[in-house]
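Q: I am new to this structure and should like a close look at a single part of it, the surroundings of the ligand. Please describe that part in one connected account.

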Amino acid sequence: MKETASLYKEMGISEKVLSFGAQVEAELKERFDAIEENVEYNQMKVLRAMQKNRVEAACFAATSGYGYNDLGRDKLEEVYADVFHTEAALVRPQIACGTHALAVALSGNLRPGDELFSPVGKPYDTLEEVIGIRPSTGSLAEYGVTYRQVDLLEDGSFDYPAIEKALNEKTRLVTIQRSKGYQTRPTLSVKRIGELIAFIKERKPDVICMVDNCYGEFVERIEPTDVGADLCVGSLIKNPGGGLAPIGGYIAGKEEYVERAAYRLTSPGLGKEVGASLGVMTSFYQGLFLAPTVVGGALKGAIFAANIYEKLGFPVVPNGSESRHDIIQAVTLGPPEGVIAFCKGIQAAAPVDSYVTPEPWAMPGYDSDVIMAAGAFVQGSSIELSADGPIKPPYAVYFQGGLTWQHAKFGILMSLQKLYEAGIVKL
Ligand SMILES: *Cc1c(COP(=O)(O)O)cnc(C)c1O
């Protein structure tokens, strides 16, 4: 321990910050043990799926061109289908990001005249343009797909009467976002998603229930497809890529709906049959294999941060003791200098670009300056330790990820160190 402490010191963490962190960490033993148990369960789930599908060295061979008969690609999709307990899955490097995966699932399964319905309020920012809530070229609205939304109630619960009323003969697909994303509503547990789906299916059995699972994979032992979701969609540069996937997204669910998405991703008539894997399959398999452990480390980091900053009097969402359903942690740091200091700490702790000083900047799509901290191996990867904060009230910073618990811990200690040096916190 003494050796580690002196290394921390050498890397810029003062004794006060280190001992405060140690005190908080000591109180989290039980919660961390519970996370480890989930990691163990999910590791076995992934391993079982790989063994059942007889993953072999030939799966890692690169294909090019059309990518016909890509054994590794096809087998990986079966592995994903087994992990998510679904009939089928589409897992491709041609899916550019999470937004693209969601757009493919939506546009593949909606037709002109259909209505898309969100019973959990406004979806993630980038989805607004996919749907056409904000007018956008190529949106679903341009193709004659209408959209309806029912907000969560003040206390975060579902507005069942309004949901019942919103369902109509045009409703074709219901989209449910698991993570709060960068909003203040609570993240939905898989159990609550199941209750919502049951309510909807009781009233309209033929509706497709899709869950935006971004940031949620492997946080619990079950996934939305275990509680009735017909489609579950996410990004491989978040949880299920385990930090190793350099690109990609997945869509898991009922065969019919996954097929329709595949016809949209490539082309009608071609579907899943084409799409070369170009040598990324090893990282997809290995990333999925590591994902439960990586998500466990990120969760420990989020809980550690919540408890550190809660103890210092800052509002944190989720709070230090609530159960977790995604890996995002929000901390309201009061003055803008707090947000800036926090992000500087996360950056200074990174394995890549640690010498860079992040500054608030105007960003497309944001109505205020934003500061972002990330020193990632994969550009924009948010399963790696990263933080961002819009420079506007309430001056909250959102952070997530960490490929290892030890790195997440160091990042949080470094953020505290910067806040301490700036005189924003007293220890
Ligand atoms: C990240 C995210 C997305 C979009 O994913 P990108 O990879 O950034 O396009 C969609 N929904 C939620 C809830 C997310 O967290």
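A: In this predicted model, a backbone N or O atom of Gly 98 is found 2.8 Å from an oxygen atom of the ligand. The side chain of Thr 99 also takes part, with an N or O atom 2.5 Å from an oxygen atom of the ligand. Lys 238 contributes a polar side-chain atom, which lies 2.9 Å from an oxygen atom of the ligand. Taken alone, the ligand would expose 380 Å², and the protein buries 89% of that area.

Gly 98, Thr 99 and Lys 238 belong to a wider shell of residues that surrounds the ligand. That shell also includes Cys 97, Leu 102, Tyr 124 and Gln 177, together with Asp 212, Cys 214 and Tyr 215. Sorted by class, the shell consists of five nonpolar, three polar and two charged residues. Among the elements of the fold, helix 5, which spans residues 98–109, gives the most to this shell, namely three residues.

Some of these residues also border an empty space within the protein. In general terms, rolling a probe the size of a water molecule over the atoms shows where empty space is left. Here the count comes to one cavity of 30 Å³ or more, and the largest cavity has a volume of about 60 Å³. Leu 102, Gln 177 and Asp 212 are among the residues that line the largest cavity, and each of these three is also found in the shell around the ligand. The remainder of the cavity lining comprises Leu 106, Pro 123, Leu 127, Ile 131, Thr 175 and Met 210.

Which elements each supply at least two residues of the lining of the largest cavity? They are helix 5, helix 6 (125–131), strand 4 (171–177) and strand 5 (208–212). Helix 5 thus appears in both settings, as a contributor to the cavity lining and as the element that gives the most to the shell around the ligand. By class, the lining of the largest cavity has six nonpolar residues, two polar residues and one charged residue.

A further part of the model may be added for orientation. Six strands form an open sheet in the order 8-9-13-12-11-10, with antiparallel pairing. Strand 8 (316–317) and strand 10 (361–362) are the edge strands, each pairing on one side only. Within the sheet, strand 11 (residues 369–374) and strand 12 (residues 386–390) pair in the antiparallel sense over five bridges, and Ile 371 stands opposite Gly 389 in strand 12.

Notes. Residues are numbered from 1 along each chain as its sequence is written. This is a predicted model: local features need pLDDT of at least 70, side-chain atom pairs count only at pLDDT 80 or more; totals for chains, interfaces and linings use all residues. Side-chain values use heavy atoms; hydrogens and water are left out. A residue is near a molecule or strand if one of its heavy atoms lies within 4 Å of it. A polar contact is a pair of N or O atoms within 3.5 Å; within protein, one must be able to donate a hydrogen and the other to accept it, and residues adjacent in sequence count only if both atoms are side-chain atoms. Accessible areas come from the Shrake-Rupley method with a 1.4 Å probe; for residues, only the protein chains shown count as cover. Helices (H or I, at least four residues) and strands (E, at least two) are DSSP runs, numbered from the N terminus. Ala, Val, Leu, Ile, Met, Phe, Trp, Tyr, Cys and Pro count as nonpolar, Asp, Glu, Lys and Arg as charged, and the others, Gly among them, as polar. On a 1 Å grid over the protein atoms alone, a cavity is a set of points where a 1.4 Å probe fits but cannot get out, and a pocket is an open set with protein on both sides within 12 Å along at least five of seven lines; lining residues have an atom within 4 Å of a point. Grid points are joined across faces, edges and corners, and a volume is the space filled by probe spheres set on the points. Two strands pair if DSSP finds at least two bridges between them.
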